[in-house]
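Take a look at the protein below. A few short questions follow, each with a worked answer.

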Amino acid sequence: MQKEFYSNGKLLLSGEYAILDGALGLAVPTKYGQSLKVTPTSSVRLLEWTSLDEKDNEWFRGSFNLEALTLISSTDDVISNTLITLLSEAKAQNPEFLKNIDGLKVETYLSFPRLWGLGSSSTLINNIAQWAQVDAYRLLNNAFGGSGYDIACAQHNSPIFYQLKNNIPKVEEVPFNPSFKNSIYFVYLNQKQSSKAAIATYRQQKFDTDSLLENISVITKQMATSSSLSVFESLMLEHEEILSKVLGLQTIKSKLFPDYSGAVKSLGAWGGDFIMATGGEKTPSYFKSKGFETIFSFSELVL
């Protein structure tokens, strides 16, 4: 019997690196995500995997021995090894997974470009977890590591507070639907940022962790409940300044958009993926004039 699974993409509006150490973060699922379709075949112990992008173009193909979970052939060894790691970990958690099956054809479909950083990995992990009937957070942690907020977004259809308490994920749905959402835009910076490299940089810094976690958590709560655009903008600025000092990096506004009249905030790993900007009708034309063509309004991107 054919099975299909779906997971939402993600954006982390507050928290960034500090969420790894227990800060409260505000995250939103996106209208873009990834599906995974599993179809039984008569091929003896053969797993055929195909990954398609948002334009239905194949970007990965691999064949695996279903019993041993070993590679037969593929178009990308790095991706193949990642799949073997995930499937092996899922099987370790649920020994019945992939048991007594002749063959399988798996097809994944991303509804957004892989380079956008909306969660091509987290949506895959959550889909595999659903398929294998295992815990997605544990699958992420044992296979790769990470805070897990992206897994929470994959599973929830509304904005969330996310926090690690004693390394256990705490998720709370929040009614974040600001009256000024028409003034919030998301702009893609034309480059995919490596989360692992960014986290490594963060870990090298010396700072007062307790103070950082407290300040970011307070800002997160205030951002989620703000009823004023001007207050929201000041919180964006405060968040940027705090992390700028911790990371020893320029804020994205001072670096790229010093002449922009609205507020600008990095999202996720600094220097890549999406930023959040406040503004009006002229906001898209401003960023396009700077060479950034991928711009979404709040309602276009947030689920």
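## Strands and overall build

Q: How many bridges join strand β1 to strand β2?
A: This is a predicted model. Strand β1 covers residues 3–14 and strand β2 covers residues 25–41. The two run antiparallel, and the number of bridges joining them is ten.

Q: Which residue in β2 stands opposite Asn 8?
A: β1 spans residues 3–14 and pairs with β2. Across from Asn 8, in β2, stands Gly 33.

Q: Which residue in β6 stands opposite Gln 34?
A: β2 is also joined to strand β6, residues 103–110, by eight bridges. These strands run antiparallel. Opposite Gln 34, in β6, is Leu 110.

Q: What is the bridge partner of Ala 27 in β7?
A: Strand β7 covers residues 160–165. Three bridges join β7 to β2, and the two run antiparallel. The partner of Ala 27 is Ile 160.

Q: How many helices and how many strands does the protein have?
A: β1 and β2 are among the strands. The full count for the protein is ten helices and twelve strands.

Q: Why is the protein as compact as a globular protein of its length?
A: The globule rule gives 19 Å for 303 residues. The protein comes close to that value, so it is as compact as a globular protein of that length. Its radius of gyration is 20 Å.

Q: What percentage of the residues is buried?
A: Buried means under 20% relative accessible area. Of the 303 residues in the protein, the buried ones make up 52%.

Methods: Residues numbered from 1 in each chain as written. Predicted model: local features only at pLDDT ≥ 70, side-chain atom pairs only at ≥ 80, totals over all residues. Heavy atoms only, no water. Helix = DSSP H or I, 4+ residues; strand = E, 2+ residues; numbered from the N terminus. Rg over C-alpha atoms; globule rule 2.2 N^0.38 Å. Buried < 20%, exposed > 50% of the residue type's maximum accessible area, 1.4 Å probe, protein only. Pairing = 2+ DSSP bridges.
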